[in-house]
Amino acid sequence: MASYLPATMQAQVLTSFNAPYELTILPTPTPTDYDLLIKVGAASYCHTDLVYASGEMGDTLPIISCHEFAGTIVSAGPLAFAAIPSLRVGTRVGVPGRSYHPCTKCWECTNNDGDPKGYSVACPKGGNLGITRDGRFQQYALVDARQVAKLPDELADAEAAPLMCAGLTIFSALLKCGLKEGGKVGIIGCGGGLGHLGLQFGVRMGFEIFDARLTKTEALLEEIGEGADEKAKGESGLDAVLILPENQQGFDYGMNLLRNHGKCVVLSFPTSGFQVSATDLVFRDIQVLGSLVGKNRVLKQMLAFAAEKNVRAVTRTYPLRELNELVEVYKTGKGGKLVIDMTL
């Protein structure tokens with residue numbers, strides 16, 4: 001089923017926390033069951049990779065990071081193509097981090113809202129690439145056939161990789177807002193990977209998007225009509241806000257921008273949590289929702305939308321051998337997405 005595959009491959013391995021990745025030679029893995037073996041074309045760096053490498057999120061070591069990547073199927077386990085008949089050797093796919101080998105029997109797996117039978121990205125026993133099992137800063141990688149999506153021809157691997165986490169996460173969060181065209185959405189902290197994709201997705205969905213970086217609270221409230229003499233407090237405001245920063249100030253700022261009955265969708269997860277005003281929940285009827293990643297069917301919807309509407313991340317690419325240099329650039333806080341391009 002596979003063309004010639006090398007016996008070994010290169011991988012960047014994290015062997016201890018708060019330390020550089022180590023470029024290592026490892027055996028090329030062999031697929032079993034629902035596995036696909038992917039020749040990785042591009043692998044994108046995520047904030048979660050930085051958090052994990054600091055030791056604040058999990059304890060699996062050694063580990064290969066990365067949970068958003070794209071590549072080409074070169075081999076498959078005996079159950080893979082039967083489960084997803086649209087896939088075959090040579091198919092280009094995008095791969096998010098969740099869920100590798102779910103249990104197929106829990107409530108999540110059996111109530112999965114249109115995803116492959118017995119499969120859920122939320123399965124508590126499923127593996128999470130780059131966190132509970134090896135991710136994809138390597139030349140060849142095993143993935144679950146049920147977690148991938150075929151890539152549109154319009155998207156190159158290096159363009160698709162950032163969409164597998166950042167794109168899917170922000171797209172799913174925008175859908176959770178439940179708004180019609182013309183709805184007003186504020187993105188709090190939109191300068192990074194998720195935010196700049198959220199601006200593109202939101203505008204192309206027909207929403208009125210407010211970049212909270214560019215406007216002070218009072219000016220933005222005035223712009224959206226909040227505080228006008230003839231209107232009571234909370235009568236105007238945004239229909240929804242997406243919270244990306246990991247600090248209370250950003251959360252409070254977003255809540256203050258919402259109209260009564262608005263939605264606050266939280267995508268960040270600071271270890272200290274967020275303090276929520278009971279007054280906002282009870283008297284203003286604000287809904288606070290969490291959003292992690294989207295289902296597999298949402299992944300396919302997002303990719304089709306991005307291809308059709310020309311949604312692309314701003315990227316800078318590096319070869320696999322320069323992953324540690326990439327990490328240092330990421331720490332400077334420059335916007336966009338940093339991507340390992342395996343062709344370099």
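These notebook entries record what I looked up in a predicted model, going from its cysteines to its helix contacts and then to some unusual backbone angles.

**Entry 1: cysteines**

I began by asking how many disulfides a search of the whole structure finds. The search of the whole structure gives zero. I reminded myself that a disulfide is a covalent bond between the sulfur atoms of two cysteines, and then I looked at two cysteines in turn to see why no bond was counted.

For C109, the closest cysteine sulfur is that of C106, at 3.7 Å, and because a pair has to lie within 2.5 Å to count as a disulfide, this distance is too far for a bond. C109 is also buried, as its relative accessibility is 1%.

For C165, I found the closest cysteine sulfur in C46, at 4.0 Å, which is again too far for a bond. C165 has a relative accessible area of 10%, so I wrote it down as buried.

**Entry 2: helix α5 against helix α6**

Next I turned to helix α5, which covers residues 166-176, and to its packing with helix α6, residues 193-204. Their axes are 9 Å apart and the angle between the two helices is about 50 degrees, which means that α5 is oblique to α6. I noted as well that the crossing of this pair is right-handed.

Which residues make the contact? On the α5 side I listed A166, G167, T169, I170, F171 and L174, while α6 brings G193, L194, L197, G198, F201 and G202. When I sorted the residues of this contact by class, I had seven nonpolar, five polar and no charged ones.

**Entry 3: helix α5 against helix α10**

I then followed α5 to helix α10, residues 296-309, where the axes are 10 Å apart and the angle is about 100 degrees. That angle makes α5 roughly perpendicular to α10.

Here G167, L168, F171, S172 and L175 of α5 meet V298, L299, Q301, M302 and F305 of α10. The classes in this contact come to seven nonpolar, three polar and no charged residues.

I stopped at S172, which lies in helix α5, to ask whether it is buried or exposed. With a relative accessible area of 8%, S172 is buried, since buried means under 20%. Leaving aside residues up to four places away in sequence, I found that S172 touches S291, V293, G294 and V298.

**Entry 4: cis peptide bonds**

I looked along the backbone for cis peptide bonds and wrote down two entries. The bond from L61 to P62 is cis, with omega near -10 degrees, and P62 is found in the loop between α1 (47-53) and β4 (69-76). The bond from R98 to S99 is cis too, with omega near 5 degrees, and S99 belongs to strand β6, residues 98-100.

**Entry 5: positive phi**

Finally I looked up residues that have a positive phi although they are not glycines. C66 has a phi of about 100 degrees and is not a glycine; I located C66 in the loop between α1 and β4, where its relative accessible area of 0% makes it buried.

T104, likewise not a glycine, has a positive phi of about 75 degrees, and it lies in the loop between β6 and α3 (107-110). Is T104 buried or exposed? I recorded T104 as partly exposed, because its relative accessible area is 30%.

Definitions and conventions
Residues numbered from 1 in each chain as written. Predicted model: local features only at pLDDT ≥ 70, side-chain atom pairs only at ≥ 80, totals over all residues. Heavy atoms only, no water. Buried < 20%, exposed > 50% of the residue type's maximum accessible area, 1.4 Å probe, protein only. Axes fitted to C-alpha atoms, helices over the stretch in contact; angles between N-to-C directions. Helix = DSSP H or I, 4+ residues; strand = E, 2+ residues; numbered from the N terminus. Parallel < 35°, antiparallel > 145°, perpendicular 65-115°, else oblique. Left-handed = near helix turned anticlockwise from the far one by under 90°. Contact = heavy atoms within 4.5 Å. Nonpolar A, V, L, I, M, F, W, Y, C, P; charged D, E, K, R; others polar.
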